[in-house]
Structure formats: structure tokens, C-alpha cells
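Colleague: I am new to this model and would like a close look at a single part. Please pick one helix, and show me the setting around it as well.

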Amino acid sequence: MKSFQHVSVPTIEGAISTLKDYKGKAKVIAGGTDILSVLKDRILPEYPQALINIKTLSGLDYIREDKDGLKIGALARLSTIADNPVVNNKYRALAKAAKTVANPQIRNMGTIGGNLAQDTRCWYYRYPHQLGGRIMCLRKGNGPCAAVKGDNRYHAIMEAKKCFAVCPSDTAVALVALEATVKIRGPQGERTVLVSAFYQPLGNDLKDNEILTEIQVPEPPASARQEYIKFALRKPVDFGIVSVAAVIKVTDGVCHESSIALGGVASAPLRATAAEQAAKGKVINETTANSAAEASVAGARPLSKNSYKVEIVKTLVKRVLLSGDSE
Amino acid sequence: MAKKYRFIGKPAPRKDAVEIVTGHAKFVGDIKQHGLLWGKVLRSPHPHANIKNIDTSKAARLPGVRAVLTHHDVPKWKAGVPPHLPMLDSKVRFVGDAVALVAAETEEIAAEACNLIDVEYEQLPAVYDVEEAIKPDAPQLYEQFPGNILPRGLPFFGPELLQEVIMGDVDQGFQEAEIISEGTYAFENIPNPLPYEPPGAIASWDGPDTLNVWVSGQGAYLDRLSVYYTLGRKIKVNAYGGPCGGSYGSKGMSLPVVLYSAILARVTGRPVRVCLSKEEHLNTFALRLGSRIHGRVGMKKDGTITAISGDWLINTGYYSSATQGMVAVGCGEVQLALRCNNWDLRPKVICTNRCASGIVRGFGGQELKCALLPIVTEAMEKLDIDPFEFFKKNYIRPGDGYYWRDSNWYVYRGAEYSKAMDKGAEAFRWSKKWRGWLKPTSVDGSKRRGVGVGVHGNGDTGEDTSEAYVRLDPDGTATIYSSICEHGTGQRSCLCKMVAEVLQLPLEHINITDSDTRISPYEFGPAGSRGTYAIGSAAIAAAEDAKQKLFALSAHALNAKPEDLETEDGMLFIRGNPENRIQWRRGMGVDSTVLGFGRFEADFTLPNFMMTFVEVEVDTETGKVDLLRVVSATDVGQIIDPYMLENQLNGCLGSAGIDSALIEESVLDTNTGRLLTANMVDYKWRTFAELPEMQNVILETPFPSHRFGAIGIGEIATAPGPSAVLMAVSNAIGTRLHSYPITPDKVLAALGKIRGGDEK
């Protein structure tokens, strides 16, 4: 692959100022499981001069709980999160989502920050430059979306307008259901943003020289059931075609509140608010689960080859509502 | 039966195991040569275009670049059958077609230079569908092939290549039928055999007339011959093959990769390596044939097939490397599985603007069966015939005949396979699981299970020619001279076992040369399951010849006649008197070696057999299909090595095999001509974490092949599976599916839950 400089930095401040020094010609590398394939296939027109290495930066891989909830450093490995007792005990949807990512090697390398900030898997976007040239599109700055008239089996079924790529992250779906926020550091200081707002139609909310540093998860109700169900052709390796995360508080069979997030349907994990409403105050049974499932896809506008995803969303929503808290 | 042998039938470690697991095996990417350059290919962005102008000046000026070549700069070397594909042309025919070649000091510089070449194209309309391609106004890929139809013939397989199955009287056959099924099925998902090591080659020249090539392949002679003919039969070609990281047929020949390295080496005067990247391997090398049939099958209530007719449309992509040969073998193989007197099966090989289909195990037969058998099963369904009983009734038996690839009629002289079928069915519990057509085996909520069965056989277990030498040294060791490459099956180690058995030498005392056409005699290479019988026969004959020569040389030392001698562990003795023994060196002398020669010539009378039973579970709410269980049943005459055989049969899932019914698929975007599955996330390849339960039922009824009574089987392990899976899923959900792979959208559409999906 084309060479680049590899710059290690001792602190997050150092990373930000180094990013600044490169004037947009540098990228951050943590686990490297996504960025290296982006560079190897040269899918983007700009190739960075440098990768700023933050993976050896100390103190940003914590997982700790305080009175506000869970705080996870951006460099915490997916395997560590999947194995962490507190996450498994109180934030199970996240633990379950982390466990479904790729395979053990990727989970041992990949960080939660990288899992959230990874680039989309749209196969037009990812088309390797060496095989006749990359495919340009709006997400890369300019061009039509080839998926609209092309093979869009893995593309968005909701809310998309000019770009139909979907957010590939498993953990993001769980974090949206858990109403988590991310902390972002940049030259101007620190800000927080809801995970549900972190994704935008053409990418994510990270601005020039900003780095995602922490994930904050409020403590969910203790008695709430938490689920993450992922549909993929292959259990290992694959990104979800559709996934559903849910935090559901059910007492005596009645759903008091729920938070349901849909993955693989849009450029961001979407809260299925209509489904949540449909379930609220109802006894959870086949009938109410079905009506919530129908409600979850009320806004779906599938493309030529992905109406099957609508069916799968319905199935998964029904299943998260009806299932027990499975491991 | 194995017990009468010392080595045959008993597990032995592979000879090359240690060097592979310790990283010492030298694959093409590991070879170091003085002054070795890297070659790279600039590839076309358009599926069909004329090159109006190429400016290579910027690339040529990049430091470290040693050559930049376009179609203006290269000889008129043409690959393909018949020769039609210029190595570089003024026209490109698929996205990824070669536009220019670069040689540079490093791989990175070569890649960078490709980016600096400016090309001006005149885009042409492209065609991807076989039926569109043969329409009068379709875009034409080659001037010499009007209608995009390739001419018949593959000279290497003889002057009269089998290019159709026409016999008897189909009109009368259909009249005799009690039911006729008719329809269109397609196996067009063009999966990639995808061996782990991508194709690669190194070339260097000794003067203007001698070319040396090191290729990742199955056997050096096919590389030698294919390059020799492509270069106009004027150049001496020495070919070398090392360990090969898998092939599945696809690296039987590695044109045009070898040609790229050859021309770059010629121009630069230095050795040049061209190794495809994984992405190039996925999108530019060799896919399975596309296969579509409009077919008609007549059948009687007792399962007798009265007539088969059809148009078989074969999509070979932008060129044919050996497709006509695959059609020939497919046409032969279909007769082995379907006993029928009246045939009218007419193939057409059609080129389209996508990556080429190349040689892949299953070699025409898998592709044909995947499309034809479902039509046959529709007739079975109408007559309520159990497919297992049907295949048992209609598979070839000793004394039955068939046309093979050279258009000659052969009569099967091997074992009756029905015993293996029964044992397989018993292991699978077929009679308990089969509930009738379009009926699930079991239903549990949204999960429905179904079963299916498929069958395949290939008469190529004795195809083509093999030669070998066996050299005996006075120190009690033997060396096999063969140009077979180790492409993953363990066949080189199996040859050592056969020679060890003949010579009664410990396996450690047997060696086999590297694959090298300068040293070893002619060898077609391991293909079509020919390793055990064809290559084995040559090695056995060479060992026997060497043994006789050893006896002749040594008789005087024991004061006996040569025919009374025996040998064991490098010792000689008179038969019946093993206590009184002398070492080889005392018989032959320390100043001599003994060389035996063996040759095998084609024998198409011993087709092999494989029956595959599968059980699937379908989630009717998501459309997901899980493969639960696979039972493979066969009869191999005699097991040479049980572990290697098991591994061959367990290889039935991947390499464009059973999984091409479920997940393996190259997705072509017909708006842009691009294959979208250019990485190992989007190209779906089963991982070890999701293996189904697998069981192999292997019988050993001796075959009249060579002294061990064995025939090969490996190549066809994949072939019966895909159509069996299609049958199983159709049974599980109670409605028929018509194309591969069976993705969730097709299942949900077949169930009426969504529109679209499984388009005929």
C-alpha cells in the first residue's frame, strides 16, 4: 500500500495539535481495522500524509461506572467491553452488540471509538481504486448515488435522500437504545453529542481536528430487559443487514417504557419511536408485538432490492419484544 | 481391505507439512531473485470501450519505474480458445480489463505509476446477459465472433470435442413420456473459487528464445504449454511450480498473469513478478461459468427418463480460457447421472462484458446440473418420485455407455455405485427425513427444515497423459520425478505412498522433485480427480520399472534370477528367504543409479461418483437459510490416505461449491459493469465458526484401475451440493426456488412476503 508517516502522540492534546499541524492531511489510527482497509483500497480521493497513532496513548481505555452511569474511554477494546462484568450486568445491550462485531481478532484490535467512527460499508463507496478507479459520490464530495439504480440490497430503507449508505456500527445501535452520548475533543475544547445525533446523512459529526474520546451511558432502569439482535448472512465477519437493540421495562407483562433502536436501515441508528409508542402501556403478546413491528417500519421506503429488510426489521422488533433476556 | 498394505489406506503426515506450518515453503510471493521487479496492471474503469489515447509519459518519469507498456508496445500474443484475447488491446471488454502494464523496483512504485497514466476512452454499450448478448443488435465483444458466440472446439482435447448431447429421437421420447416438465433455471451467481493464495507468476529470459516462468499452479506443464502456444511456438518455455496455495482448478493455467510478467521481463531484461492482489483476484481472474437452461424433460411413472432437450446458455464473460472443454465435460457428465436414450441438449458459449469465467472444479458439469436437475425434479414432483430412488435408478452402472469429451462412446467398467448410495441414505436417514415434494421435514414455529439430494460423476479420473520417473539410489532411497504441484490436496504425498508401497521403502526414504519441466517428464497435472488413477499409475509404473531394473542389476550379487528377487527397506533378498539380505548398494553398486519410467494414457472408462444429502433450516420470518447437515457418499475403490480423502470431501462447501447455493456470489452491477464483491466482507465465504455437521460415507470396492484398485474423487466433492440445497429449501418452504444463491430476499419473495426476489 502507499506509504504514509506514522506519528505517535503521548496525549490527546498532542493528537489534536498534530492533526492541526497536518492541515487536514492526517487521519487518526487506533485499532486500525477500518482505516487501513480504507487506505489500502484508496477509496477516498485524498490520501493522508500521516496517520496519528493514538492506540498507544495511555489512560483512554477505561471502563468505569459512577453515579451518572457508565463511562468508556474511546480506546477500550471491543473484546474488553464484551467481557466487562459491569457492562454485562447493567448495559447488556452494549455487551451483546460488542460480542457480535466481526470476529475475535477484530474485537481484540478494534476500539469502541473506532467502531463508532468507522466509515460506511456501502460497496460502491468501498469499491477499490485499483480495479478501474474508485466510485465517486456525494459522501466523497461529488457524484450521484450508484446504489439508487444499482444493487442496493444492503442500503437504507428509511430517511435517506441523497446517500443511501447505512451506519455499519453494531455498538452504535445499542448505544442509541441506551440513550448514550459521546464526548468529542477538539481545538476549541470539549463537547458532547447524543450517539443518535453523531451520525449525519454523509458521515459523522467529527469536525476537522476533533477526536472522539469517551462514551457516556446513563444507567438504564435496573429491571429493564436489554436486547441486541443482529441479522447477517454470516455470524462471524459480517456487518449487520438489520439489527435491533432494545431496552424494555416490563412489569407484570405490561410494557411501561421502551427504547428501541434500528440498525442497518439508515445513515444512523434510528429510534423506532412509533413502535415504542405502540408498545407502551400494552401487555406484550404476539398481537401487540406485531403491531409494534408494523409501526417500526411505517416510514420505510425501500429501494428496488431491499424490501426484504423491511420484513426483517419487523421480525427483529417482534422478537426483541417477545424474547426473554437472552445471553 | 487396507490391511494388506503397509502404507496405502493408512494415515501419514504430508511430506510438506513441516515446511508449510513453519513458513519455510516458498510460494511465488516468497521467491527472491537478483534484480526482481514488480509488475502491476492498470485496469479499465469501463465495461466496454475503445482506447483513444494513452499518455504514459508521467508514469515513465516516476523514479524506480523500469517499463510502461500499452497495446502499442506489446507483441500480438493472444490467449484463449481459440486464441482471441490480445494480452493488451486497443479495446477493453470488462471493468478491470488490462489497459497498461508497469514494471518498477517496488510494488508501491508500480502501483503509483499506474495512477499516473492518462487514458482517453470512447465508451461502448456493454452487455451482461446471455440472451441479450446473442440478439442481433447487441454490442459485439470480438469482430471474429458475431453474435458473441464462441466457436466450438478445444484442440488440446482432440479434434472432435463433444459440444452437445444429441442422440435417439426426442420427439418420440416426449411422446412416450407420462409427464413432461419444462422450465428455466439458472446458476448464474458466478462464485469465485478463490484459493487463498492469489494467482501470481515470475518470468525471466535467458536470451531472446528461452523464457523461464515460476507460477502458482497445479502442474508446470500446463503453464509451459499454454505459454508456448500463446507465444507462437517459437520460444522455449521452462516452467516451475512450487507449493500452491490452493487452486480448485482456477490456477490450472494462469494466463494472462504469466504473459504480463513475461513481456515486462523481456522489455526490462530483468525478472518480473506479477502477483494479483486479493481485490484483483476477486474481480479479474476466474469465476464460475454462468449457466442457464430452457429445458424440457420427459419421464415415466417408474422414473424412466424418456427425453431431455434444452438450450444451455453458457456465459463465459469476456473471454474463454477453456470453456468449450468445460462444456464437453459437462455434456459427458450429465449422461452419467441421467440415463436417457433421447437427448437434444444444445449449448452455446457466449461472451459478455464481465470478468471471465475460467476453469473451476465441477468443470462444466456442476454448472449444467445446477440448472438442469431442478427441471428433472419438477417431473419427479409431478409423478411423486423420491429423488434418491430416482438418482439410484438413473446413475450409470457397469456396462452402460456414454459419449465423453472426445465424442467417443465409452462403456463404464467400474463398480456398481448403488451400495454407496444406500449407505449414504442410511447415514443421512433419508427415508425418515424425506416427506415428499415441497413438504418440510419438520416445522418449529417460524423454522422449517427440508432435505435434498444431488448426484454427480466425472469420467476424467483417467483423463490425459502422465509420465514419471522413479530413481533409485544405492543408499536405499527413491526419488519421484514428476511435475505435479502440491495445490493442497496432499497428492504429492500420496504419490510417495504409492511408490513406497511398490518399493517397500519407508516413506521418509521417498522424495519427489519440485515441479520443473526441465527435470521431470510430461504431466498434465492434478485435475478432474485424475491424481489417484492417472498420475498414480505413471508413478507406480515408474517404480515397478525401476524395481525390475534394480533386480536385473542385482541378481548376480545374490546369485539368483532377477524374477526371484524381492526388496524391502532398501534391502534385496531371494523370495522366501528374507533373512539372507543385502543392501541395494551391494546389488547395484555405489557408482550407479537406477531410473524407471512410467507413462499413463487417457482412460475415460472409470467415472467416479458422489451423492450429497443436505438438510437445511429456513427461518420463514427472515428468509435466512442455515445449512445444518451434509452427508457425502462415494466409493473410491481403495483409500490411499484417509485424512487427505476426508479433507477433499470436506472441501465440498467452499470454493464455489455447496455454498454457491447459499452465500457465495459475485455481485455484478449492471449499470456500471462493476463487481461489487471486491473484499472478503462482501464476498461471502463461510468461516470455520459456521460449519454444518458433516459426514463422509466412503466405500472401497476395488476398481480395475491400477494395482491398488483406486480412483480419485476430490474434484467433484462440490458438484452435487448446490442443486441439493435448492431442493431442500424448496421442500422446507413448500414452494420452488429457481436461482442461486438462495438469499433472504428470494425466500421471502417465494413465501409471498415481499415482491421481487427470485426472478426466473
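Modeller: A definition comes first: pLDDT is the predictor's confidence in each residue, on a scale from 0 to 100. This is a predicted model, and that score tells you how far to trust each place in it. Chain B has an average pLDDT of 97. In chain B, 99% of the residues reach at least 70. For the complex, the predictor reports an ipTM of 0.97 and a pTM of 0.97.

The part to look at is helix α15 of chain B. The helix covers residues 531–558. Is α15(B) mostly covered or mostly open? Mostly covered: 20 of its 28 residues are buried. Buried here means that 20 or more other C-beta atoms lie within 10 Å of the residue's own.

Now follow the axis of the helix. α15(B) has a kink of about 35°. The kink is centred on B:A552. Then look just past the end of the helix. There B:N559 has a positive phi of about 55°.

Next, the domain around the helix. The domain assignment splits chain B into three parts. Domain 1 takes residues 2–25 and 464–600. Domain 2 is made of 31–124, 196–246 and 251–284. Domain 3 joins 290–461 with 605–750. So where does α15(B) matter in this layout? Look at the side of domain 1 of chain B that touches domain 3 of chain B. On that side, α15(B) holds the largest share, six residues. Helix α14 of chain B (491–503) also supplies at least two residues there.

How many residues meet across this contact between domain 1 and domain 3 of chain B? 20 residues of domain 1 are in contact with 25 residues of domain 3. By kind, the domain 1 side divides into nine nonpolar, nine polar and two charged residues. The C-alpha centres of domain 1 and domain 3 of chain B are 37 Å apart.

Step back to chain B as a whole. Its 760 residues form 19 helices and 34 strands. Of these residues, 61% count as buried. Why call chain B compact? A compact globule of 760 residues would have a radius of gyration near 27 Å, and chain B has 27 Å, so the two agree. Its C-alpha atoms fill a box of roughly 85 × 70 × 50 Å along the principal axes. Take the contacts in chain B with a separation of 6 or more: residues 24 or more positions apart account for 80% of them.

Last, the partner. Chain A has twelve helices and 14 strands. Its radius of gyration is 20 Å, close to the 20 Å of the globule rule for 327 residues, so chain A is as compact as a globular protein of that length. Its C-alpha atoms fill a box of roughly 60 × 50 × 35 Å along the principal axes. In chain A, 52% of the residues count as buried.

The two chains touch. 31 residues of chain A are in contact with 37 residues of chain B. On the chain A side, helix α12 (residues 307–322) gives the most, with five residues. That side has twelve nonpolar, seven polar and twelve charged residues.

Back to the helix you asked for. Keep two points about α15(B): the kink centred on B:A552, and the six residues on the side of domain 1 that touches domain 3 of chain B.

Definitions and conventions. Residues are numbered from 1 along each chain as its sequence is written. Chains are lettered from A and ligands numbered from 1 in the order in which they are written. This is a predicted model: local features need pLDDT of at least 70, side-chain atom pairs count only at pLDDT 80 or more; totals for chains, interfaces and linings use all residues. The bend at a residue is the angle between axes fitted to the seven residues ending there and the seven starting there. Helices (H or I, at least four residues) and strands (E, at least two) are DSSP runs, numbered from the N terminus. A residue is buried if 20 or more other C-beta atoms lie within 10 Å of its own, exposed if 12 or fewer, and partly exposed in between; C-beta atoms are placed from the backbone. The radius of gyration is taken over C-alpha atoms; the globule rule is 2.2 Å times the number of residues to the power 0.38. Two residues are in contact if their C-beta atoms, placed from the backbone, lie within 7 Å. Ala, Val, Leu, Ile, Met, Phe, Trp, Tyr, Cys and Pro count as nonpolar, Asp, Glu, Lys and Arg as charged, and the others, Gly among them, as polar. Domain bounds come from an automatic or database domain assignment.
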